[in-house]
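Please look over the structure below, with attention to the ligand site, the division into domains and the pocket described afterwards.

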Amino acid sequence: MNRVSVDTAGRPPSVDALARELAIRHSLPHAVLVDIARRAIANGSTADVKKIADELASELAQSLLRDVVNATGVLLHTNLGRAPVAVQTINRASNLELNMLTGERGSRQDAVGKLLALLCGAQAALVVNNNAAAVLLVVAALANSRDVAVSRGESVEIGGNFRIPEVTEQSGARLVDVGTTNRTRLRDYQKAIDKRGNDIALVLKVHPSNYRVSGFVEDTPTSELATLSVPVAVDIGSGLIDNTCPWLEGRTPAWLANEPAARQTLKDGAALVMFSGDKLFGGPQCGVIAGRADLIEACAQHPLARALRPGSLTMLSMQSLALAYLDRTVTTEITFWQMATIPVSELQLRAEKIISASGVGEVCLLDSIPGAGSAPGATIASAGIVIAGDHLAKLRKHDVPIIARVKDSKTFIDLRTVRPQDDAVLVSALKSLQK
Ligand SMILES: *Cc1c(COP(=O)(O)O)cnc(C)c1O
């Protein structure tokens with residue numbers, strides 16, 4: 001019998017009995033349940049030990065990493081892992097660091113680096129763990145113990161504590177502030193380079209992403225910075241590869257109008273660009289550095305490169321994405337671009353079907369956003385389902401969990417960020433709201 005015995009003397013159940021009892025309702029490893037039972041017994045009075053243990057086990061089960069349906073309308077939702085990617089591998093070895101021609105040791109960066117370079121119009125490219133790592137490595141490799149010039153208007157903090165002054169400092173370089181918060185001109189950079197006591201090795205230009213100064217504002221374009229005597233590295237952030245979007249048959253969506261792109265930034269004379277793999281590129285978490293071969297080599301040779309290199313899953317995934325861009329199969333193979341470009345009329349049709357199958361909600365027009373600081377302020381027309389009341393917690397408990405949005409006591413399900421294959425999950429989740 002699996003009952004927890006609270007005996008007449010009011011003694012709490014034994015740890016083991018409680019753990020076995022928890023196992024009936026929670027499919028967690030025995031060792032985890034034993035730990036929970038211990039903590040519940042230590043914390044609770046005899047009467048509510050079981051209830052506390054149940055809550056702890058539920059909390060832990062719900063906190064486990066898993067796939068969810070993103071119905072928020074935020075395409076690149078940092079809390080939801082940004083760009084959705086499929087992991088396609090089998091448990092076989094890979095030629096990650098084997099040169100297949102010679103049979104000797106090779107580099108994991110060779111193939112992916114070449115494809116990314118081709119894509120960006122760069123001489124070479126390197127993949128690291130994220131864009132923060134890309135900036136860190138570039139500054140460490142090119143400006144160590146020297147100075148890096150950054151406009152005061154671009155000395156920003158971007159989401160989750162990525163702060164330009166701190167990253168620069170961690171790289172062993174000295175930050176030299178240039179210009180003012182709202183206006184920085186070419187002559188401000190020139191003055192910093194010429195100033196006695198300064199030893200500027202690099203100009204770092206940073207796209208302020210989710211931050212905006214409006215009004216009397218001026219920054220120095222890359223094409224002007226490129227006339228300076230030191231290399232210019234540009235953190236473009238979101239990883240739009242080409243602002244003419246050739247993978248969309250040349251129709252650049254309006255929401256991308258002001259987004260800097262790797263190809264054009266390099267063409268304008270940047271020595272290097274850095275960007276995230278999991279934003280507009282539509283890939284896994286990683287950072288890409290692309291540009292001049294000698295500078296990429298300096299980054300690759302720096303001791304930090306080893307600590308910042310991604311694993312084989314990331315490299316494989318970046319390779320298939322780069323191939324999709326080069327093959328122009330982006331809108332069929334990259335989920336982010338599929339979601340971003342699907343017509344509103346299709347989303348409305350899907351909403352109608354889900355509503356008639358579940359008997360819950362009404363069709364509504366919505367505005368999706370790119371998210372993750374990409375194209376700040378821009379919206380993408382969308383459609384979805386509105387339901388009276390706040391159902392967020394219940395939807396999160398559904399298997400598969402649905403992450404929706406609430407406004408004015410109404411729950412909104414934006415279909416732009418939901419894969420069509422998950423419409424059936426929505427039907428079952430909406431039906432469960434009636435119970
Ligand atoms: C998002 C962003 C970063 C941080 O990128 P991670 O890949 O999250 O490390 C850095 N710089 C800019 C301009 C960004 O937009």
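## Ligand shell

In this predicted model, the ligand is surrounded by Arg82, Asn130, Asn131, Ala132, Ile158, Phe162, His207, Ser209, Asp235, Gly237, Ser276 and Lys279. Sorted by class, this shell comprises 3 nonpolar, 6 polar and 3 charged residues, and at least two of its residues are supplied by each of α5 (131–143) and β8 (232–237).

## Polar contacts and burial

Oxygen atoms of the ligand are approached by both backbone and side-chain atoms: a backbone N or O atom of Asn131 lies 2.9 Å from a ligand oxygen, a backbone N or O atom of Ala132 likewise lies 2.9 Å from a ligand oxygen, and a polar side-chain atom of Lys279 lies 2.8 Å from one. The ligand taken alone exposes 380 Å², of which the protein buries 93%.

## Domains

The protein is divided into domain 1 (15–63), domain 2, which is made up of the segments 69–84 and 342–432, and domain 3 (110–336). Between the C-alpha centres of domain 1 and domain 3 the distance is 48 Å.

## The second largest pocket

The second largest pocket has a volume of about 690 Å³ and is lined by 33 residues, among which Glu154, Lys205, His207, Pro208 and Asp219 lie nearest its centre. Two or more lining residues come from each of β7 (200–206), α8 (222–225), β8 and α9 (262–267), with β8 giving the largest share, 3 residues.

By class, the lining of this pocket has 11 nonpolar, 14 polar and 8 charged residues. His207 is listed both in the shell around the ligand and among the residues nearest the centre of the second largest pocket.

Technical notes. Residues are numbered from 1 along each chain as its sequence is written. This is a predicted model: local features need pLDDT of at least 70, side-chain atom pairs count only at pLDDT 80 or more; totals for chains, interfaces and linings use all residues. Side-chain values use heavy atoms; hydrogens and water are left out. A residue is near a molecule or strand if one of its heavy atoms lies within 4 Å of it. A polar contact is a pair of N or O atoms within 3.5 Å; within protein, one must be able to donate a hydrogen and the other to accept it, and residues adjacent in sequence count only if both atoms are side-chain atoms. Accessible areas come from the Shrake-Rupley method with a 1.4 Å probe; for residues, only the protein chains shown count as cover. Helices (H or I, at least four residues) and strands (E, at least two) are DSSP runs, numbered from the N terminus. Ala, Val, Leu, Ile, Met, Phe, Trp, Tyr, Cys and Pro count as nonpolar, Asp, Glu, Lys and Arg as charged, and the others, Gly among them, as polar. Domain bounds come from an automatic or database domain assignment. On a 1 Å grid over the protein atoms alone, a cavity is a set of points where a 1.4 Å probe fits but cannot get out, and a pocket is an open set with protein on both sides within 12 Å along at least five of seven lines; lining residues have an atom within 4 Å of a point. Grid points are joined across faces, edges and corners, and a volume is the space filled by probe spheres set on the points.
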